[in-house]
Amino acid sequence: MITDEWLMIQVQNDDLDYLKDLFERYQVRLYNFFLRMTFDQDVSDDLVQNVFMRLMKYRKSFNPEYKFKTWVYQMARNVHHDHYRKNKQLTDDFKKVENVADLHHSDEEDEITRERESVLFQALDKMPEEKRELIVLGKLEGMKYEEIAEIRNTTVGNIKVQMHRAIQQLREIYFDHAEN
């Protein structure tokens with residue numbers, strides 16, 4: 001199997017045909033990451049495009065000793081932070097969180113699951129950005145603590161502590177919201 005790192009090395013060496021393979025592997029993952037962070041489909045689409053534009057721009061800086069996945073998610077974090085900073089004064093506090101859960105289900109799927117997901121996304125929306133990102137990466141994107149530690153430039157032990165605290169806070173918000 002061709003690894004992400006091998007594909008990125010080809011892109012790094014200006015064989016840009018391989019960028020399509022990386023895009024196919026990461027487009028949905030990054031879109032879901034951004035959607036869970038922004039709760040906005042259009043913004044998520046734009047941010048995925050920004051990641052790949054940045055990937056092209058900085059392709060020579062990729063270090064093949066590190067995983068491509070952690071490198072591209074670090075880039076995604078930076079793109080999200082830049083977007084948030086630029087648009088901070090332009091956005092209001094209202095987010096269509098209820099619509100995010102609806103995107104993942106067809107009409108045949110269970111109503112209870114949709115309601116639980118809706119409450120979960122509303123609870124996530126109320127979390128501080130850093131903690132929300134941690135939960136999205138670790139629990140919704142399925143990244144390992146080692147990968148998150150590499151992205152955040154910290155230790156695995158620190159990520160475990162932060163994750164524990166973030167889950168506790170999410171649990172409190174979730175059940176508080178579910179009871180109301």
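## Exercises on cores, rings and salt bridges

In helix 4, F68 and W71 are three residues apart and are therefore separated by about one helical turn, where helices (H or I, at least four residues) are DSSP runs numbered from the N terminus. The model is predicted, so local features need pLDDT of at least 70 and side-chain atom pairs count only at pLDDT 80 or more, while totals for chains, interfaces and linings use all residues. Residues are numbered from 1 along each chain as its sequence is written, and side-chain values use heavy atoms, with hydrogens and water left out.

**Exercise 1.** Describe how the rings of F68 and W71 are arranged, and state whether these residues are buried or exposed.

*Solution.* Begin with the general idea that a pair of aromatic rings is described by the distance of the centres and the angle of the planes. Rings of Phe, Tyr and Trp (its six-membered ring) pair if their centres lie within 6.5 Å, and planes under 30 degrees apart count as stacked, over 60 as edge-to-face and the rest as tilted. For F68 and W71 the centres are 6.1 Å apart and the planes stand at 50°, so the pair is tilted. Both F68 and W71 are buried, which means under 20% relative accessible area, whereas exposed means over 50% and partly exposed lies in between (1.4 Å probe, protein chains only).

**Exercise 2.** Which kind of pair do F62 and W71 form, and which residues make up the aromatic cluster?

*Solution.* The whole structure contains ten aromatic pairs. One of them joins F62 and W71, with 5.1 Å from centre to centre and 65° between the planes, and this pair is edge-to-face. F62 and W71 are both buried. One aromatic cluster is formed by Y26, F62, F68 and W71.

**Exercise 3.** Which residues have the most contacts inside the largest nonpolar core, and which helix gives the most to this core?

*Solution.* A nonpolar core is a set of buried Ala, Val, Leu, Ile, Met, Phe, Trp, Tyr and Cys residues joined through side-chain atoms within 4.5 Å. The largest one has 46 residues, and those with the most contacts inside it are L30, F34, L55, F68 and Y73. Among the elements that give two or more residues are helix 1 (4-12), helix 3 (41-57) and helix 4 (68-87), but helix 2 gives the most, with nine residues. Taking L55 as an example, and leaving aside residues up to four places away in sequence, L55 touches M8, V11, L19, F68, W71, V72 and M75, where contact means heavy atoms within 4.5 Å.

**Exercise 4.** Which parts of the chain does the salt bridge between R36 and E141 tie together, and which does the one between E133 and R77?

*Solution.* A salt bridge is a side-chain nitrogen of Lys or Arg within 4 Å of a carboxyl oxygen of Asp or Glu, and the structure holds twelve of them. In the bridge of R36 with E141, the closest N and O atoms are 2.9 Å apart. Because R36 lies in helix 2 and E141 in the loop between helix 7 and helix 8, this pair ties together parts that are 105 residues apart in sequence. R36 counts as buried at 15% relative accessibility, and E141 is buried at 16%.

The side chains of E133 and R77 meet at 2.7 Å, N to O. Since E133 belongs to helix 7 and R77 to helix 4, their bridge ties together parts that are 56 residues apart in sequence. E133 is buried at 1% relative accessibility, and R77 at 10%. Finally, salt bridges that share partners join R77, E130, E133 and R152 into one network.
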